[in-house]
Amino acid sequence: MRAERVDQPIDHDQAVDTLRRSYAAVPTGEPVRLAKRTSNLFRPRSAPRTPGLDVSGLNGVLSVDPAGRTADVQGMCTYEDLVDATLPHGLMPLVVPQLRTITLGGAVTGLGIESTSFRNGLPHESVQELDVLTGSGEIITARPDGEHADLFTAFPNSLGSLGYATRLRIELQPVGRYVSLRNVRFTQLEALTDAIAEVTATRSWAGEPVDAMDGVMFSPGEAYLVFATFTDAADPPSDYTGQAIYYRSLRQRTRDVLTAYDYLWRWDTDWFWCSSAFGAQHPVVRRLWPARYRRSDFYHRLVRLEHRHQVAARIDRLRGQPARERVVQDVEIPLDRTADFLRWFAGRVGMNPVWLCPLRLREPAGPGSARSWPLYPLRPGQDYVNIGFWGSVPIAPGAADGDVNRTIERRVSESGGHKSLYSDAYYDRDAFDRLYGGDTWRAVKDRYDPDHRLTGLYEKAVARA
């Protein structure tokens with residue numbers, strides 16, 4: 001069947017040509033950045049001295065093929081727009097990251113995760129091919145095999161240091177009109193990890209199928225797993241875009257129903273639970289806060305303003321409060337070490353709640369071993385849990401800003417885990433290269449960006465360039 005054109009035709013070739021011209025206009029030696037309105041990065045960066053790359057025409061869905069269950073998508077397309085194009089066909093991407101304005105290209109080059117990751121892995125594992133603007137200014141089509149398989153394999157977690165995706169062909173999966181939820185409480189973390197192992201192996205819980213799974217730990221003695229099942233028949237769905245707040249429902253309800261659309265964006269309305277920092281969960285404030293601004297991208301703009309002007313930090317100083325360290329991280333911990341890590345985190349860092357998202361690299365469809373991804377080397381066949389924690393902690397007397405993050409980095413490495421690079425990182429270069437495939441990255445970098453025009457991975461992730 002011919003792929004169906006979505007909305008108005010997009011002049012993709014013209015958009016790519018515009019991008020290439022804007023790249024050629026960046027003076028040699030100047031940093032290369034994307035000119036985009038939104039970002040889900042949490043590390044501050046040096047201010048650019050030159051205009052960013054023009055990606056204004058690369059934010060759409062080129063086509064959806066319902067029969068083949070694939071979509072051709074431009075690199076700057078947000079998952080919000082991508083989902084709007086696929087849901088009318090009863091389809092969704094294999095993994096839809098939690099926040100609406102994450103782009104497909106960003107999720108592939110910077111990693112993404114969500115509740116289907118226990119069976120579908122990470123977003124880059126559903127990519128069949130992608131076009132990349134490389135540091136040499138060429139557009140390369142990379143696939144799992146063939147001449148440019150090295151770029152295909154090294155692109156995930158390269159954070160734009162190897163190039164920018166202009167088009168990606170991804171697999172899609174069926175989804176029902178509704179999602180039925182079971183919120184299961186655990187008072188022992190070992191029981192929770194045993195349940196994750198069972199569901200990952202059987203894709204079911206208590207005799208019911210499980211299509212998606214994530215959870216929340218409020219404390220080591222109170223944690224929840226949410227088992228989700230896609231369905232076309234359900235009771236009237238709940239609504240967590242108004243006064244009700246989704247994460248609180250885990251404590252209040254053992255069964256729930258959401259529309260497929262609301263399920264995919266259940267975390268976005270309150271940025272998980274982080275909207276409380278802006279007062280958006282107070283009942284009076286919430287009634288006055290326009291619904292169109294109860295979104296993760298709006299909260300992120302408030303955070304960027306705080307980074308720039310330090311208003312809250314100044315108020316804390318006037319009140320005699322200690323300075324605070326930002327602790328915003330997602331880490332992958334092997335399942336058999338997850339309970340110990342969570343107990344350590346609760347005692348040492350003390351932030352709560354934390355998000356729990358089981359993960360396993362995608363199993364191959366046919367004979368053969370699962371593909372490995374050298375710049376984020378999770379082990380094929382190993383069960384992990386992504387643990388997300390987002391907030392700040394007081395800087396203890398005599399401690400330096402970053403000490404808590406450094407302690408977490410050490411603990412993650414000791415646990416055999418890995419840390420995502422969208423926020424602050426403090427590794428020295430040797431440790432970074434060891435953890436994030438430095439030798440592979442350099443070989444691919446030298447081939448596709450021989451003049452090293454694009455900022456290096458270490459410089460982006462650690463040096464904040």
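A cavity is a set of grid points where a 1.4 Å probe fits but cannot get out, and its lining residues have an atom within 4 Å of a point. With this term in hand, the reader can begin with the enclosed spaces of the structure, which is a predicted model. A search of the whole structure finds 4 cavities of 30 Å³ or more. The largest cavity has a volume of about 60 Å³. Its lining is made up of Arg 100, Tyr 240, Thr 241, Leu 258, Asp 262, Trp 265, Arg 266 and Thr 269. Sorted by class, this lining comprises 3 nonpolar, 2 polar and 3 charged residues.

The next step is to view the chain as a whole. The domain assignment divides the protein chain into domain 1, which covers 12-175 + 442-462, and domain 2, which covers 178-419. In the contact, 47 residues come from domain 1 and 44 residues from domain 2. The centres of domain 1 and domain 2, taken over C-alpha atoms, are separated by 24 Å.

Attention may now turn to strand 4 and strand 5. These two strands run antiparallel and are joined by 4 bridges. Together, strand 4 and strand 5 form a hairpin with 4 residues between them, and Arg 69 in the turn has a positive phi of about 55°. Individual pairs can be followed along the hairpin: Asp 65 stands opposite Thr 70 in strand 5, and Ser 63 stands opposite Asp 72 in strand 5. On the question of burial, 5 of the 5 residues of strand 4 are buried, so strand 4 is largely enclosed by the rest of the structure.

Strand 5 also pairs with strand 9. The two run antiparallel, with 5 bridges joining them. The bridge partner of Thr 70 in strand 9 is Glu 171. In a regular strand the side chains alternate between the two faces of the sheet. For strand 5, Thr 70, Asp 72 and Gln 74 lie on one side, Ala 71 and Val 73 lie on the other, and all of them are buried. Because 5 of the 5 residues of strand 5 are buried, this strand is largely enclosed by the rest of the structure.

Helix 2, formed by residues 79-86, is mostly covered, with 6 of its 8 residues buried. The buried residues are Tyr 79, Glu 80, Leu 82, Val 83, Ala 85 and Thr 86. Their packing partners include both strands of the hairpin, strand 4 (61-65) and strand 5 (70-74). The buried residues of helix 2 also pack against strand 6 (91-93), helix 3 (104-110), strand 9 (164-174) and helix 8 (260-264).

The last feature is an open sheet of 8 strands. Its order is 15-10-14-13-17-18-16-19, and the pairing is antiparallel. At the edges are strand 15 (255-259) and strand 19 (418-419), each of which pairs on one side only. Strands of a sheet pair through backbone hydrogen bonds, either parallel or antiparallel. At one edge, strand 19 pairs with strand 16 (residues 324-334) in the antiparallel sense over 2 bridges. Within this pairing, Val 331 has Lys 419 in strand 19 as its bridge partner.

Definitions and conventions: Residues numbered from 1 in each chain as written. Predicted model: local features only at pLDDT ≥ 70, side-chain atom pairs only at ≥ 80, totals over all residues. Heavy atoms only, no water. 1 Å grid on protein atoms, 1.4 Å probe; cavity = no way out; pocket = protein on both sides within 12 Å on 5 of 7 lines; lining within 4 Å. Points joined across faces, edges and corners; volume = space filled by probe spheres on them. Nonpolar A, V, L, I, M, F, W, Y, C, P; charged D, E, K, R; others polar. Buried < 20%, exposed > 50% of the residue type's maximum accessible area, 1.4 Å probe, protein only. Contact = heavy atoms within 4.5 Å. Pairing = 2+ DSSP bridges. Domains from an automatic or database assignment.
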